[in-house]
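Trainee: I'd like a close look at one part of this model, the surroundings of the ligand. Could you walk me through what lines that site and how it sits in the chain?

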Amino acid sequence: MTAPDQNLRLERNWGRLFRVLTYLVFSTCLFSQVAFAEHYALFQAPGVESENYAALSEKIQAGDSVSFSNGKTFEILAVLGSGQTTRVFDIGKGLALRVPKHEYSRFINATLDGYQRLHENGIPTPEVHLDQSLRSEYVLVQKVSVDTTLDVIIKKRMLQGELKEKLIAFLASTFRLREIGDFKWDQIAWTGSGWILLDWTNIERFAQTIEDNTVMQCMGWTSIPSVDERAELAIREKRKAAGFPTDAEYDCNAALTR
Ligand SMILES: Nc1ncnc2c1ncn2[C@@H]1O[C@H](COP(=O)(O)OP(=O)(O)O)[C@@H](O)[C@H]1O
Ligand SMILES: [Mg+2]
């Protein structure tokens with residue numbers, strides 16, 4: 001046998017070995033997902049966590065399924081993320097499932113309660129499917145592509161150009177509000193084309209006047225001077241254009257109706 005023939009044979013053998021190994025790795029992964037897939041019944045009665053909820057909810061991973069007190073079951077395709085209060089899962093069809101961490105059901109309710117107000121006021125968030133969610137247990141939301149969050153962009157010193165301009169526009173979109181609970185850098189995500197607010201708590205405070213506080217004065221917001229200043233101006237402009245009174249006018253009206 002000539003040297004080129006031998007080389008060809010060697011190459012073919014390596015090729016076969018590689019295919020067999022790939023097959024083995026792939027089937028082992030598939031087998032372990034199916035064999036070790038778990039089902040977790042997370043709530044035993046409406047809003048009442050099952051025993052060991054803290055441990056159960058931390059274990060949920062791709063391949064598992066979860067069910068709730070209304071009998072609804074969801075297959076988990078992937079873990080999308082985990083914050084202080086919530087774990088977020090991909091359940092397919094462009095949907096994400098938000099499940100509270102132990103004793104954090106109230107934040108699930110805040111997501112539901114605040115959404116309408118954010119949506120009505122034009123603040124970009126993932127769409128929340130109110131009619132497909134269950135109070136105190138889970139929220140179904142639109143799955144968005146989270147490239148990164150504002151805290152990471154700032155840490156990497158990348159807040160320039162389009163990222164910066166669109167952040168100012170995003171902040172300006174909050175002009176009707178004076179407070180969004182839990183308004184912090186790590187809650188604001190870049191989707192590839194714009195900034196979006198991923199989660200929030202109470203949305204109770206609306207601005208009354210042009211000079212009223214803005215969301216950049218909320219507890220938790222760490223100032224980005226070059227952004228805050230321009231966003232402040234944009235917010236005042238938007239309030240003026242929407243017919244908000246000045247502080248002086250507002251006091252005057254309030255005095256008249258007292
Ligand atoms: N709608 C969504 N689509 C895709 N990923 C999401 C979505 N919401 C949250 N995530 C991911 O999950 C992480 C934690 O979610 P977050 O809403 O901030 O939880 P928490 O309420 O505990 O702060 C986010 O940083 C993000 O990576
Ligand atoms: Mg968060």
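**Around ligand 1**

Mentor: Let's start with the strands: strand 6 (78–82), strand 7 (86–92) and strand 10 (138–142) each put at least two residues into the shell around ligand 1. Of the elements, strand 6 gives the most, with three residues. Keep in mind that this is a predicted model.

Now the residues themselves. The shell around ligand 1 holds 20 residues, and Gly81, Gly83, Thr86, Pro126 and Asp199 are the ones that come nearest. Sorted by class, the shell has nine nonpolar, nine polar and two charged residues.

Next, zoom out to the domains. The domain assignment splits the protein chain into domain 1 (39–142) and domain 2 (148–252). Both domain 1 and domain 2 give residues to the shell around ligand 1, so the ligand lies between them.

How do the two domains meet? Their centres, taken over C-alpha atoms, are 27 Å apart, and 14 residues of domain 1 are in contact with 15 residues of domain 2. On the domain 1 side of that contact, helix 3 (residues 105–120) supplies the largest share, six residues. That side of domain 1 is made up of six nonpolar, seven polar and one charged residues.

So, to put the picture together: ligand 1 lies between domain 1 and domain 2, with strand 6 giving the most to its shell, while helix 3 gives the largest share of the side of domain 1 that touches domain 2.

Methods
Residues are numbered from 1 along each chain as its sequence is written. Chains are lettered from A and ligands numbered from 1 in the order in which they are written. This is a predicted model: local features need pLDDT of at least 70, side-chain atom pairs count only at pLDDT 80 or more; totals for chains, interfaces and linings use all residues. A residue is near a molecule or strand if its C-beta atom, placed from the backbone, lies within 6 Å of it. Helices (H or I, at least four residues) and strands (E, at least two) are DSSP runs, numbered from the N terminus. Ala, Val, Leu, Ile, Met, Phe, Trp, Tyr, Cys and Pro count as nonpolar, Asp, Glu, Lys and Arg as charged, and the others, Gly among them, as polar. Domain bounds come from an automatic or database domain assignment. Two residues are in contact if their C-beta atoms, placed from the backbone, lie within 7 Å.
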